[in-house]
Amino acid sequence: MSFANSWALWGCLAALLPILIHLFDRRRARPLPFAAITFVLQSQRRTASRLRLKRILLYTLRTLVFLCVPLALARPSCTPESAAAAQTRGPAATAIVLDTSLSMRTRADGTPIFEAAIEEARRALADLRPEEPATLVTCGGQEALPGPPDFDRAGMRTRLDGLEEAGYLHADLNRCLDAAARALEESPLPGRRLVVISDFAAHGLRLEAPPPVVSDGEGGHIQPEVVLRPVGSDPAPGNAAVTRVQVAPATQAGPGTFELTATVRNASPEALSDTELSLQIDGHVVAKAFLDVPAGGTVNKALVHRFEQTGVVSGALALSADALPEDDAHPFVLRVPEPVRVLVINGAPAAQRFADELFFLEPALTTQGGPVRATFRDSFAGLSEQLGEVDVVVLANVAAPDAGTVETLRTFVEGGGGLWITMGDQVDPEAYNAAFGSLLPRNLRDVRTAAERGDQDAEARAGRLTQLDREHPLLRPFVGRAAEGLETARFYRYMLFEGGVEGSRVLAAFQDGAPALVVGRRGEGRVALYASTVDRDWADLALSTAFLPLVQRLSAYLGGDLDTREAPSVQVGERLTLAVPEGQRVGTVEGPMADVPVRATEEARVEVGPLTVPGLYGVKDGDGQALPALSFSAFLGSEESDLRRVPLEDLQRWFGEEKVTTSGLDTPAREVPVWTWLLVIAALALFGEGLLLRR
Amino acid sequence: MALLDAQTLARLAGVRLRARAVMEGVLSGQHKSPHQGQSVEFAEHKEYAPGDELRHMDWKAYGKFDRYYVKRFEHETNLRAALVVDASASMDYRSGALFKLEVASTLAGALAYLLVRQQDAVGVTLLADGGAREIPARASAGHLNVVLDALEQVKPGGTADLLVAADRVAESLRGRALVCVFSDLFDTREGALERILSLRHRRNDVAVFQIVDPTELDFPFDDPTRFLSMEDTRFIEANPRELRESYLESFHAFLESTRRSCAEAGADYERVRTDEPLDQVLLRFLARRQRRRG
């Protein structure tokens, strides 16, 4: 007999109530002189035996009620087979393998099945005979090797009491069983027993691997007895999880706008329909979407959100809660940048507005709500003072500057600034090569005229952009119809580039192979060369729909905002190496539940972890000041999200059928629940008491 | 006619006042004498026996039948009444305004008033502590005070022995009389009631007033109670709810048995609740006697 809620047994003391009330009533009987006592005595004599019987029956029925109800609340059940089997076997060293992996957090009736597993472990411990040593093997992904079996029952109970909840890691049950079998080899007893308490999810077991065996000390192996104590419902409940979150800037949709893409996996045997996916920022739902996910399938769903504030933002993409709510939310940390400050030097200003070099570029950079704050100059006057206030400098068809200006620009770029050079009539290749030298990612060679505007075949002969590098964050959004603007633009004239500097990359080229857009890193900054003009003189890209997003994204890229948006993220169970900015020092890393170990590995780098809990992690320096730029998130691995179980028959076959017995809370064939009968008895007793009272 | 309920009577101090109040509420009655004696109205013949008065010899009948007959006559005369009042401890019980003994004494006193007022002779026998105290029957107005004093001063206690009471009354009565018994009749010994009723065989009128308290009739107790005997040391601890049905059955059977015994013996029977108007009780009693005598 075992009890699911043993605390309720205290309620059995209520069975004393009827007797106590009877004794209390006897004590408070009031005396009354009564003339007709002869008739009272006669009545008492006549009814005494009947009353005594009735009273005994009443007390019995009431006691039954007060006994049965708390007993039923304690949810007793009988395990006759396992008890009998345990008695017939000889003493055996026992290893109790307790699954503490993430899937043990699955809820059954609102309660994690891990609680039932702990109860099973306590029961397994109680079932041991005094002469049987035992060891407890927790299997949660990060355990040390178990010790040999001993008789420290109290120690094991204390360990069980300390296991308040399951972990967040994936557990390899095969490895745990092997470790438990090795621990059993330490015992001199001939009998060896493995008690396995788990949900037996398929992800944790490899049945193609050999079952655990124990060395007999003579070079051979014996199979231990195995007692399976499954917990959780069978079949397992369906489960969906957000397995991945990708964050990408969506500057085309405005400043501070990001596209957050969740990868949702449905590990259920049934398709999910209209499942809610929500974007939560600082605990508030700011966007929602609804998904249909096929059974066993995976879908990606993107949510676009514009963040009003800049700086570090933390949040999660979350599904509506299911049986395993832990994997329904995927945390992330991102940094929302300030608008890119751009200084444009106009090399070909004109009195007539439409003839000005910036006729198209200026409105593209000053779009209401755009990610760019641009200022425009016609000369380099005061450049050095202005560079302290900008992130990117655009030289739009500017004649080669003097050496001092170039040096100023070089210092600006190597210190992290961006430089974008566009071509035009004012650009002399030789003068540029001489002036900028190695600052350019390519040398300028000559201007090529593909067609003259107005020629009959100009349309056919004009250059077209091909070979777009969509792997690069700058051009990543230009796919499908979004790319049409780039691909249909006509280039009548363009600058040919030559040579190649290490670290430069061609993002777009014409159909003749000539680079159209080249980017390169110089020091901490970036330089971009665009082979044509930003007005209509050489090309009509400025008229295409792709012009505005291209200009804005190029500005953002050069300003360093396209590749530094998403904070580092790491899977639970792993370690994370953080790059510490110069002049800062990492003191502590605060996790969702506790501080995380930090270890300096090399200069300006620290290793954090292992990280055992999913969620958001904040970093503080040695003085306790928060370093929000170093915040990061930890997410769960996806293995444990598939809750499907290994059939017990397969397990028995794997362990060896003659060696396996099965027990546990959720194996009705083995467990005989008694509490329902107790409730029936209590109801009958109440009914009987009512009948007796009426008579 | 004013009805005198128990509450009103309880406010009157003493048996004398209460009895008078009851009496005044009752119409005076005519009593037809059952005695033969000095009267001009011939009743019947009786064969002569030694000791009969020779002056009543009917010589004419002797001439006709050659036998000696003595004439017997019926005439109006005073009634002789014996009031037997139970003053045992069980009569010292009340749940309302009046003790059972007070009811018995009041009824007896009122009856004494009525009888003396009609020149009838009244005697009282008080039963207490297992014995009996007698006051012989007389018809004088002064004797009424003696009777009322005795009723007023009687103290309840002990048991009432109806067997002794019957014997004493039988001894004291000369000729036919009205015997009124005021008691709860809880002397349940074999033959006690029968001995009282046997007085009827001597051609006496017997009237039994059985005094009962409402709680004895209804047994309205609920809480666990320790019932104590009022006449001896018996007690019982019981849950009244469990016993009520059986008690009521026993008690009402006892009342019915008493009533039936009285009826079979030709005695009047009045069940008197201590909470009912006593003048009504007497009226009921007198009316029934009136009907019986035609």
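# A tour across two chains

Start by selecting β2 of chain A along with β8 and β9 of chain B: these 3 strands form an open sheet, in the order β2(A)-β8(B)-β9(B), with mixed pairing. Keep in mind as you click around that this is a predicted model.

Now look at the two ends of that sheet. β2(A) and β9(B), which covers residues 235-238, stand at the edges with a single partner strand each, so one side of each has no neighbour in the sheet. Turn the view a little and you can look for the twist: neighbouring strands are turned by 25° against each other on average, ignoring direction.

Next, show α2(A) as well. This helix packs on the sheet and touches β8 and β9 of chain B, and its direction makes about 55° with that of β9(B).

**Zoom in on the strand pair**

How many bridges join β2(A) to β8(B)? There are 4, and the two strands run parallel. Pick residues 225-228 of chain B to light up β8(B). Then click R30(A), whose bridge partner in β8(B) is T225(B). Move on to L32(A) and you'll find F227(B) standing opposite in β8(B).

**Step back to where the chains meet**

Select the whole contact region: 22 residues of chain A are in contact with 26 residues of chain B. On the chain A side, α1 (17-27), β2 (30-33) and α2 (37-73) each supply at least two of the touching residues. Which element gives the largest share? That's α2(A), with 11 residues. Try colouring this side of chain A by residue type: you should get 12 nonpolar, 5 polar and 5 charged residues.

**Into the cores**

Stay with chain A and select I96(A), V97(A), A117(A), V137(A), A180(A) and I197(A). Out of the 90 residues in the largest nonpolar core, these touch the most other members. Helix α6 of chain A (residues 173-184) gives this core its largest share, 8 residues.

Centre the view on V137(A) to see who surrounds it. Leaving aside neighbours within four places in sequence, V137(A) is in contact with A95(A), I96(A), V97(A), L98(A), P146(A), C176(A), A179(A), A180(A) and A183(A). Another core, of 82 residues, lies apart from the largest one; Y93(B), V124(B), L199(B) and F209(B) are among its residues.

**A look at chain B**

Hide chain A for a moment. Chain B has 10 helices and 10 strands, and 40% of its 294 residues count as buried. If you look at contacts in chain B between residues at least 6 apart in sequence, 76% of them join residues at least 24 apart.

**Backbone oddities to finish**

While you have chain B up, go to F219(B), in the loop between α8 (214-218) and β8. F219(B) is not a glycine, yet its phi is positive, about 50°. Is F219(B) buried or exposed? It has 21 other C-beta atoms within 10 Å, so F219(B) counts as buried.

Bring chain A back and select D109(A), in the loop between β5 (107-108) and β6 (111-112). D109(A) also has a positive phi without being a glycine, near 55°. With 7 other C-beta atoms within 10 Å, D109(A) is exposed.

Your last two stops are cis peptide bonds. One runs from D234(A) to P235(A), with omega near 5°; P235(A) sits in the loop between β11 (225-230) and β12 (240-249) of chain A. The other stop is the bond from G609(A) to P610(A), with omega near 10°. You'll find P610(A) in the loop between β34 (605-608) and β35 (615-621) of chain A.

Definitions and conventions
Residues are numbered from 1 along each chain as its sequence is written. Chains are lettered from A and ligands numbered from 1 in the order in which they are written. This is a predicted model: local features need pLDDT of at least 70, side-chain atom pairs count only at pLDDT 80 or more; totals for chains, interfaces and linings use all residues. Two residues are in contact if their C-beta atoms, placed from the backbone, lie within 7 Å. Ala, Val, Leu, Ile, Met, Phe, Trp, Tyr, Cys and Pro count as nonpolar, Asp, Glu, Lys and Arg as charged, and the others, Gly among them, as polar. Two strands pair if DSSP finds at least two bridges between them. A residue is buried if 20 or more other C-beta atoms lie within 10 Å of its own, exposed if 12 or fewer, and partly exposed in between; C-beta atoms are placed from the backbone. A nonpolar core is a set of buried Ala, Val, Leu, Ile, Met, Phe, Trp, Tyr and Cys residues joined through C-beta atoms within 7 Å. Axes are lines fitted to C-alpha atoms, for helices over the stretch in contact, and angles run from 0 to 180 degrees between N-to-C directions.
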